[in-house]
Amino acid sequence: MIRVDGRTLRCADVADAAWATGPLQIDLSTAALRVAEHSWRLADELSTERVVYGRTTGVGANKDDLVGDGESAEHALRLLRSHAGGSGEPMSVAQTRGMLLIRLNQLVAGRAGISPALITALAEAVRVGATPLVHRLGAIGTGDLAPLAETALALVGERPWLTGHVAPVEILKGDALAFMSSNAATLSEATLATLDLERLTRASHVVAALTYVALDGNPEAYATPVHEARPHAGQVGCAAEMRRLLGLDSTPKPGRRIQDPFGLRAYPQVQGAAVDAVHYLRDVLAIEINAGTENPMISVVHRDAYHHAHFHTAYVASALDWVRATVHQVAELSAARLGDLVEPEFTGLRPFLAAGPAGSSGVMILEYVAHDALAELRHAALPATLGTAVVSRGLEDHASFSTQAARATTAAAVAYRRLLACELVAAVRALRMREADLVDLPVRAAYELAAETLDPSVEDRPLTEDIGRAGTVLDDLVRF
């Protein structure tokens, strides 16, 4: 049961809705619905007393064009039709379902002044799992106008549904901008990508710990006194997690090497930055999915309409850019550890963990796949916030490009998963070939799960299936 009250929706709820395979149980707050209805009535009243953007006027640079009361409903339909110009591939069903839940939650907060019938229709779509045909392209981080206009027209009955459907509802005056004035589509993709990266950062601890064992790492780098000297939260937590997985005490004895390569030694410092970035991004998204972003904002408490710029998503875009930059650095360490795993100096095994006749390639190809993925991640990590746009005859003269940042974060998560999978394949093979003693280590259970999943044969053969299986098992490693 997902509580929808405009205040307490969680990122995990968005993911549950996105990946649900059937109807969804939602607890729609009746108190919030009453506030939303008061907001609708107040908005209608205010539009007879003063100029209200998008209700008594056009939008964008047409803000000074007054719309007669007699044509308000038709004006709303024209706004939706003119803005439903999305392009590109359809948005995925998961992202669309997440968008619908976020938009519903925002609307019941009671700041949009939207008609109760439209909220009810949207709630029904969320419940039954109906998803409109919505295109990916058409937003730049200042409101997902195109996808939300397409959604509204599906609710009206003018546009198709991708899965399921609900009975058409009438669009009333003032409904158009009130429905479109949100970044729900961008927030949906950002939320799903963030939760994916969060799982991968947690799985990364396990993968790095397995590589540590395979390489006979030096535990000094994870000692408590080291990290108390520079106590960034993520760094301290990462070092503690490595100690837990490896069964180390707070001041472990030195290893056989005086210092490990950076892939192991600097792991807490680099991984910690990514962990902190993901936590911050989740905090930003938790605020955004419960925020009243509609412009104008209808305040029942103050009985007025406020024109503002909450549609601008600088917080989201900046947090997404930060996450991708930090994850890219962690991914570089994963690629470096993979290089160590194919080096006999570190493993005591043959080059590339080969086991066949002389000249056998073993896992040589993994480095190529990993660096291909790392190159994709590097491209995705480029900051979207460095761009801007001037549109609507110069009136709207800045954009955050959070939409593009969300797409890049999705791509970054895919690439990082593939890279971690390559390291996991090599680490498991090295541990098998070394017959490493994992009996007393907490990470043993994770190794056994991965070993059961991956092909035990070590002769030269295609590793495509191994990489795919390893990428899937990463989601299971987070529980260890």
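This tour visits two pockets and two helices, with a selection to make at each stop. The model in the viewer is predicted.

**First stop: the largest pocket**

Please select Tyr53, Val59, Gly60, Leu145 and Glu396, which lie nearest the centre of the largest pocket. In total, 32 residues line this pocket, and its volume is about 750 Å³. Next, colour helix 3 (72-83) and helix 7 (175-180), the elements that give two or more residues to the lining. Helix 3 gives the most, with 5 residues. What classes of residue make up the lining of the largest pocket? There are 15 polar, 13 nonpolar and 4 charged residues.

**Second stop: the second largest pocket**

The second largest pocket has a volume of about 270 Å³. To find its centre, select Val35, Val108, Ala109, Gly110 and Arg111, which are the closest to it of the 18 lining residues. The lining divides into 9 nonpolar, 5 polar and 4 charged residues. Helix 2 (30-46) and strand 7 (297-299) each supply at least two residues of this lining. Helix 2 is the subject of the next stop.

**Third stop: helix 2**

Select the whole of helix 2, a run of 17 residues. From its first C-alpha to its last, helix 2 reaches 24 Å, close to the 24 Å expected at 1.5 Å a residue. Now highlight Ala32, Ala36, Ser39, Leu42, Ala43 and Leu46, which are buried. These residues lie on the same side of helix 2, because they cover an arc of only 125° around the axis. A general rule is useful here: an α-helix has 3.6 residues a turn, so residues three or four places apart point the same way. To see what covers the buried residues of helix 2, display its neighbours, including helix 4 (93-107), helix 5 (116-128), strand 7 and strand 8 (304-306).

**Fourth stop: helix 15**

Move to helix 15, residues 364-380. This helix has 17 residues and spans 26 Å from its first C-alpha to its last, close to the 24 Å expected at 1.5 Å a residue. Which residues of helix 15 are buried? They are Leu366, Ala370, Ala373, Leu374, Leu377 and Ala380. Their arc around the axis is only 110°, which puts them on the same side of helix 15. Add helix 13 (314-341), helix 16 (402-434) and helix 18 (464-477) to the view, since the buried residues of helix 15 pack against them. Finally, rotate to the face turned away from the buried side, where the exposed residues Tyr368 and His379 are found.

Note on methods. Residues are numbered from 1 along each chain as its sequence is written. This is a predicted model: local features need pLDDT of at least 70, side-chain atom pairs count only at pLDDT 80 or more; totals for chains, interfaces and linings use all residues. Side-chain values use heavy atoms; hydrogens and water are left out. On a 1 Å grid over the protein atoms alone, a cavity is a set of points where a 1.4 Å probe fits but cannot get out, and a pocket is an open set with protein on both sides within 12 Å along at least five of seven lines; lining residues have an atom within 4 Å of a point. Grid points are joined across faces, edges and corners, and a volume is the space filled by probe spheres set on the points. Helices (H or I, at least four residues) and strands (E, at least two) are DSSP runs, numbered from the N terminus. Ala, Val, Leu, Ile, Met, Phe, Trp, Tyr, Cys and Pro count as nonpolar, Asp, Glu, Lys and Arg as charged, and the others, Gly among them, as polar. The expected span of a helix is 1.5 Å times one less than its number of residues. Buried means under 20% relative accessible area, exposed over 50%, partly exposed in between (1.4 Å probe, protein chains only). The arc is that of the directions from the helix axis to the C-beta atoms. Contact means heavy atoms within 4.5 Å.
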